[in-house]
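Reader: Please take a close look at the sheets in this model. I would like the strand order, the edges and the pairing, step by step.

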Amino acid sequence: MREMMLVFAVIILLVCETWSRDPVVRNSSFNLGSDVNLTCNDKQWNELIFVIWQIKLKHKHCRIARNNDGKSEDLCNDTKSLRNTSISQPYLHIPNFSDDDVGVYSCETVYTGGADTYMIYVAITVSVPPSISAWLEWKGNKMVAVCKAERGKPAANISWSHTGNSSTLETLRVSDGFFTVESQLELPEHMDPKNLSCIIRHQYWELEKTLVPKLTKGLDVTLVCIFIVVIIIVLAVFIFFVQKKHTMLRQANTSESKSPSTEEVEVVEPYDSYVQRVNSIYNA
């Protein structure tokens with residue numbers, strides 16, 4: 001009995017010492033929907049006596065605790081739980097982090113030889129994934145690969161799988177604190193664009209995004225020239241045939257106007273025959 005009271009006295013003294021110390025303050029932010037793991041220190045259960053998490057949220061205050069005998073207390077009654085790593089280090093697990101989990105998490109640990117208090121201000125990461133695109137375009141006689149990450153927060157990071165002759169990176173801050181990042185890469189001659197890829201990283205994503213640029217913006221100058229030449233040839237042939245047909249119709253109309261019709265031609269009787277026929281009438 002005396003030993004039990006001594007143990008409780010030691011625990012009370014350690015807790016008092018913990019409360020009298022200034023807590024270690026940390027600020028942490030996490031993405032919505034992510035799984036969050038909070039740790040106090042690097043102590044393992046073979047060193048710890050107990051761990052207490054005091055949690056102050058928007059809509060409630062609660063406590064989760066456990067001692068080294070395996071006894072636990074959970075007054076939060078939600079999805080939060082105390083777990084152990086593979087090396088028996090305790091941590092607080094918050095699955096599917098949401099706005100309701102934002103608050104102050106105070107961790108008190110008592111271990112052999114001391115005690116610690118950590119105060120962690122947990123907030124939501126203001127992170128918005130960007131809209132991404134990549135394409136190839138011609139600038140003069142040079143082919144340029146363009147990779148773009150639009151309206152992200154914070155700014156995305158862009159890199160290329162191959163290095164070219166020169167590259168540029170431009171970051172623009174647009175309205176509402178969003179960022180647009182564009183990288184342009186001038187391709188070396190005789191390089192196959194199919195072997196080129198654009199890598200985009202953003203803190204909202206767990207994994208990087210990879211895009212293969214294609215010739216979807218801008219046109220090949222050679223193709224444009226060929227297209228224009230074909231159009232000019234087609235128009236020239238069309239105009240030639242129209243003019244030729246018009247000339248033929250005009251010539252046909254002129255020839256018709258010069259040759260009289262059969263009905264318009266009068267039969268003219270010779271004068272001698274006419275006089276002779278008249279005299280014969282009078283003699284009769």
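Author: Start with one residue pair: Arg-66 stands opposite Ser-72 in S5. This is a predicted model, in which local features need pLDDT of at least 70, side-chain atom pairs count only at pLDDT 80 or more, and totals for chains, interfaces and linings use all residues. Residues are numbered from 1 along each chain as its sequence is written, and side-chain values use heavy atoms, with hydrogens and water left out.

Now the strands around that pair. Strands here are DSSP runs (E, at least two residues), numbered from the N terminus. Strand S4 covers residues 61–67 and runs antiparallel to S5, joined to S5 by 3 bridges. Two strands count as paired if DSSP finds at least two bridges between them.

S4 and S5 belong to an open sheet of 6 strands. The order is S1-S9-S8-S3-S4-S5, and the pairing is mixed. Strand S1 (24–30) and strand S5 (72–74) are the edge strands, and each pairs on one side only. From one strand to the next, the twist averages 15 degrees. Such angles are taken between axes, lines fitted to C-alpha atoms, and run from 0 to 180 degrees between N-to-C directions.

Another open sheet has 3 strands, ordered S12-S15-S16, with antiparallel pairing. Strand S12 (157–160) and strand S16 (209–211) are at its edges; each has a single partner strand, so one side of each lacks a neighbour in the sheet. Here neighbouring strands are turned by 25 degrees against each other on average, direction ignored.

Strand S15 (residues 198–201) pairs with S16 over 3 bridges, in the antiparallel sense. Within that pairing, Ile-200 stands opposite Lys-209 in S16.

Methods. Helix = DSSP H or I, 4+ residues; strand = E, 2+ residues; numbered from the N terminus.
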